[in-house]
2 protein chains.
Amino acid sequence: MDSRPKFWPFIREMLKFDRNRELQQTVSREAIRLVEPRRHVDFLSDVGQFLTSDQISFDEDDRLGHAYGRSFRDVQRLRAGKIDFAPDAVLLPAAHEQVEKIVSAAGKHKVILIPFGGGTNIVGALEPKHADGRMVVSLDLRRMQRLLKLDEHSQIASFEAGVFGPELERLLEERGFALGHEPDSFEFSTLGGWIATRSCGTQSNIYGGIEDMVVSLRVVTPLGTIETKPAPAASNGPDLNRLMCGSEGMFGVITQASLRVHRTPECLDYRIVLFKNFAAGYEALYDCLLHDALPDVVRYSDEMETRLIFAAKHGSHGLKAWFDKPIKAYLKWAGFSAPCVLLVGFEGPAARTLRLRNAALRILKRHGGFDTGQGPGRQWRKSRFDVPWLRDYMMDYGVIGDSMETAAVWSNVRPLYESVRAELSDAIQSVTGYAGYVGCHLSHLYKTGACIYFTIAARGRENDGPLELLGYYEKIKARGTEAIMRGGGVLSHHHAVGYEHRPWLPRELSPAALAALRAVKSRLDPENIMNPTAFLVEEAEADLRSR
Amino acid sequence: MDSRPKFWPFIREMLKFDRNRELQQTVSREAIRLVEPRRHVDFLSDVGQFLTSDQISFDEDDRLGHAYGRSFRDVQRLRAGKIDFAPDAVLLPAAHEQVEKIVSAAGKHKVILIPFGGGTNIVGALEPKHADGRMVVSLDLRRMQRLLKLDEHSQIASFEAGVFGPELERLLEERGFALGHEPDSFEFSTLGGWIATRSCGTQSNIYGGIEDMVVSLRVVTPLGTIETKPAPAASNGPDLNRLMCGSEGMFGVITQASLRVHRTPECLDYRIVLFKNFAAGYEALYDCLLHDALPDVVRYSDEMETRLIFAAKHGSHGLKAWFDKPIKAYLKWAGFSAPCVLLVGFEGPAARTLRLRNAALRILKRHGGFDTGQGPGRQWRKSRFDVPWLRDYMMDYGVIGDSMETAAVWSNVRPLYESVRAELSDAIQSVTGYAGYVGCHLSHLYKTGACIYFTIAARGRENDGPLELLGYYEKIKARGTEAIMRGGGVLSHHHAVGYEHRPWLPRELSPAALAALRAVKSRLDPENIMNPTAFLVEEAEADLRSR
């Protein structure tokens, strides 16, 4: 972080810290002791038949590493040494057939299974809220990372679901292909996790969300394995792939998936375009949309987020590398005093991509966009997965950092942007007693609307510990989510439901719709062994945040 | 049909008719008498509270008109006067709230409801196979055709589900918008029917199938109305819109839908390109795909279907209008003796569309495509909904005519094309004793595969009546479907399941998947009033084709 010399000063100014950085006290690993794990002897004897000893772990570090995801709440609790729930064991199956046997044994013995990919979930989808005395197993798929088949002519790759983002792209790249699904968690998240949460990657404008990429699935449910037929489209009843996308571990374990892939892009053109204000860039992007000239990647930051981006640049490649001084002076003179950064990316076959790029840039310039060229775009690509690190860095110094996102139809994008931003600013002020930082970007653009992504930073009062900050966070998050719901946004565009969003679910989905999903759950999982306290848990059973 | 002078001679030659056309005997309307309808007095009293007398019909013509869809089986049975099942009454609700009340009354009195749109279904999704003595009501949505809202900025239009294709497009066109969903049944089918069957229109390459267009839905289920939130995308659990697409009337009544629409295309460029053989055009299209230059509309006919197309042309605009004699001579000289017709269409904003057209045509020409220009393309557009009429015309003269379709991943498209074609030819010969016609086209192209659409024509033996022909049809259709299943194609790409495809469903979907869908059905519809014998009916209850 020392390579980003402007970052802390920016945070300090924003949050009105009148002191220097002070590392927040955290509990040492040694101070954390988990309760002895429950060991269901018959279950362990059953899985011991086909798992080797290195596939079954009761190790405390392993259990701790599988207790939480990576939400602000999760990280803060870890730092405070507050372990609400850790699995009793971690199982590491190495093949689809082993998962089938584990699920079968778990059903027989009513052992709870929590499918675990990269553990980057930030909505609490990995943590059983209670276990009724049952043994809880974290089912970690990290040993299932194989590329099973690449059908080059059909542009379909079949993977085991435990494969991590970088490994998946590496295996494809060796063969001249790519998937193009890069959520912010890319480096540490897995294919199975992407599917279970209906995840969406940076390049969704061109490649779609993960649900658009799934051609077929294998899902091990307690009732049996569901295997869908690989097809580009079908009219054979409701789409079962889509029923599994967003199931958050409740219906079964996604073990394999066939995905639509594409040839390694011949041409990659990422660049930064600046706008004088948020409205100008919004109009420009909307105009691209109307002319079927939407860039393949769009991330459009408002004035505040743009300031954060500039502040977070590496010293050696920072603002200075982006624009030499004369350009900076020119920009100021030309009215770009509080600019908005638009990242656009174009990728694919050369001819098509250059045609699209030229068409889009023409429109962006017509709306006053200042194209800073590919250099800054390349810088962005290099650091595109850094955002979570910035949050953790801020947390080191006792700053609350979080993101919230929603999606809305176009006519509601700007109203929601304004109302949620105002609500978050107000919430931060009234909850913590200090002004905070609220930034926003639009990304994942569709014909009918867009994702609106907010980032916040807030400070606590003097001497607040992690749990006090967590209390503030909960209140701010709740008020932001209320504002999203009031304004007609969806509960989440790509972070999933989990227990963080569960309280709003009855307002998000019709009662009959919830009942239908619960019917699927009980039919596929009659013993309720699969992630049983996830978002479909009945209201009465829900023990939301209140233990 | 007299305007298509070459059509009958072509059929006659193909099917080796050695006689002139002879109209098949059909039963007169007067000879058909339906059994007296069951009238559930309490149900009728309940719905009489809010429906006017012209919204409840027991009229025999109405009942007959709602007994069947438009499959070969349906039309043939009608012509033979064989009415296996007619609803007892037809109800014509005029608003969502009336549908809610009807569904509620039906649930209370265990009256069966069959949602009815345009009645063009060809897989038997409209016909209850048995009713257990219960009253059966056809719920016809034709009085619900309003455009409820057009959100121009979001490009979203909300319609009542009973709106027919032409009316929907007319209402949008008045406001400068279009949907772009044109299945062959377009003129006579409704929005609700499209959604219930996961229908796909000609321009699916650019606009997607109906499931890609649905932004939100209102579905009246016996458990309550499911209303989904309009959003471009979401991660709020499994996608409920998709759960309703393909539900074939079993989960509830789709009353309203919000759809992604677009500005009326500035530019429409449809043209016919000829290829010397099927392989050449296939390679050309695949090359377009790899270069992201896939035309917005593709319908690529094999040699046999091309002959049918030429034969079916109107005399005044026929081959003669397409190509004047010198061009014809040139084509023959140039090796196009048995050409394959590729229809390509480009539509959208002018700049983007011309760019795409030029890129695609360049590739098609590189593969030997001969561009005959927009004239023939315009002719195709004028007659694009004629195919069902040709079938009915053939049926007038005792010819079996039908279509079957599937979708497959690219590496399986040509193998399936060959194997199903061979199987259908062989089936026609061995079942009827005569050679038949088997043509095919590829349409609805995706990055990962395509729809493969077969049309067949076959004759019967001398003096065969409608029911004998129906018997042949069943055997041929079964062998074709078997070949599709053996070859790994999906059961249907866009015709849905119904009872025609139901026997193969247990091989199409995993048992646990079927169980999950049935669980949704029983939860939403505990009294089993919604289209109860549709494809999710339990095996034991299924009375397949055997009454």
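A disulfide is a pair of cysteine sulfur atoms within 2.5 Å. Keep that cut-off at hand for the cysteine stop of this tour. The model on screen is predicted.

**Stop 1: the cysteines of chain A**

Select C200(A) and show its side chain. Its sulfur lies 7.4 Å from the closest cysteine sulfur, which belongs to C451(A), and that is too far for a bond. C200(A) has a relative accessibility of 6%, so it counts as buried.

Next select C267(A). For this residue the closest cysteine sulfur is in C288(A), 17 Å away, again too far for a bond. C267(A) is buried too, with a relative accessible area of 13%. Over all chains, the structure holds zero disulfides.

**Stop 2: H493(A) and its surroundings**

Keep C200(A) and C451(A) displayed, and add H493(A), which is in contact with both of them. To find H493(A), go to the loop between α19 (466-486) and α20 (498-501) of chain A. Is H493(A) buried or exposed? Its relative accessible area is 2%, so H493(A) is buried.

Now show the side chains of Y446(A) and H494(A). The side chain of H493(A) makes a polar contact of 2.8 Å with the side chain of Y446(A). Another polar contact, of 2.7 Å, joins the side chains of H493(A) and H494(A).

Then turn on chain B. Leaving aside neighbours within four places in sequence, the residues in contact with H493(A) include A233(B), A234(B) and S235(B). From chain A the contacts include R198(A), E405(A), T406(A), A407(A) and H444(A).

**Stop 3: the two chains together**

Zoom out until both chains are in view. Chain A can be laid on chain B by a turn of 180° and a shift of 0.0 Å along the axis, with an RMSD of 0.0 Å. The two copies are thus related as by a two-fold rotation axis. To find the axis from chain A, select A519(A): its C-alpha is the one in that chain nearest the axis, 2.8 Å from it.

Which surface does each copy use? Of the interface residues of chain A, 100% are also interface residues in chain B, so the copies meet through the same surface.

**Stop 4: helix α18 of chain B**

Select residues 410-432 of chain B, which form helix α18. At 1.5 Å a residue, these 23 residues should span 33 Å, and the end C-alpha atoms are 33 Å apart, which agrees. Look along the helix to L416(B), where α18(B) bends by about 25°.

Colour the buried residues of α18(B); among them are W410(B), L416(B), Y417(B), V420(B), L424(B), I428(B) and V431(B). N412(B), E423(B) and T432(B) are also on the buried list. An α-helix has 3.6 residues a turn, so residues three or four places apart point the same way.

To see what the buried residues of α18(B) pack against, show the helices α11 (278-290), α12 (303-311) and α19 (466-486) of chain B. Add the strands β16 (399-409), β17 (437-445) and β18 (449-459) of chain B, which they pack against as well. Just after the helix comes G433(B), whose phi is positive, near 85°.

**Stop 5: Y68(B)**

Stay in chain B and select Y68(B), in the loop between α3 (60-65) and α4 (72-80). Y68(B) has a relative accessibility of 2% and therefore counts as buried.

What does its side chain reach on the backbone of K82(B) and D84(B)? The side chain of Y68(B) comes to 2.6 Å from the backbone oxygen of K82(B). It also lies 2.8 Å from the backbone nitrogen of D84(B). Not counting residues up to four places away in sequence, Y68(B) touches, among others, R77(B), L78(B), F85(B), F116(B) and L126(B).

**Stop 6: F116(A)**

Cross to chain A and select F116(A), in strand β3. F116(A) is buried, with a relative accessible area of 6%. The residues it touches include H66(A), Y68(A), L126(A), S138(A) and L141(A). Add G193(A), which is 77 residues from F116(A) in sequence but 7.5 Å from it in space, C-alpha to C-alpha.

**Stop 7: D132 in both chains**

Finish with D132(A), in the loop between β3 (112-116) and β4 (136-140) of chain A. D132(A) has a positive phi of about 50° although it is not a glycine. With a relative accessible area of 63%, D132(A) is exposed.

Then select D132(B), in the loop between β3 and β4 of chain B. Its phi is positive, about 50°, and it is not a glycine. D132(B) is exposed, with a relative accessible area of 62%.

How values were computed
Residues are numbered from 1 along each chain as its sequence is written. Chains are lettered from A and ligands numbered from 1 in the order in which they are written. This is a predicted model: local features need pLDDT of at least 70, side-chain atom pairs count only at pLDDT 80 or more; totals for chains, interfaces and linings use all residues. Side-chain values use heavy atoms; hydrogens and water are left out. Helices (H or I, at least four residues) and strands (E, at least two) are DSSP runs, numbered from the N terminus. The expected span of a helix is 1.5 Å times one less than its number of residues. The bend at a residue is the angle between axes fitted to the seven residues ending there and the seven starting there. Buried means under 20% relative accessible area, exposed over 50%, partly exposed in between (1.4 Å probe, protein chains only). Contact means heavy atoms within 4.5 Å. Copies are superposed by least squares on the C-alpha atoms of residues with pLDDT of at least 70 in both. A polar contact is a pair of N or O atoms within 3.5 Å; within protein, one must be able to donate a hydrogen and the other to accept it, and residues adjacent in sequence count only if both atoms are side-chain atoms.
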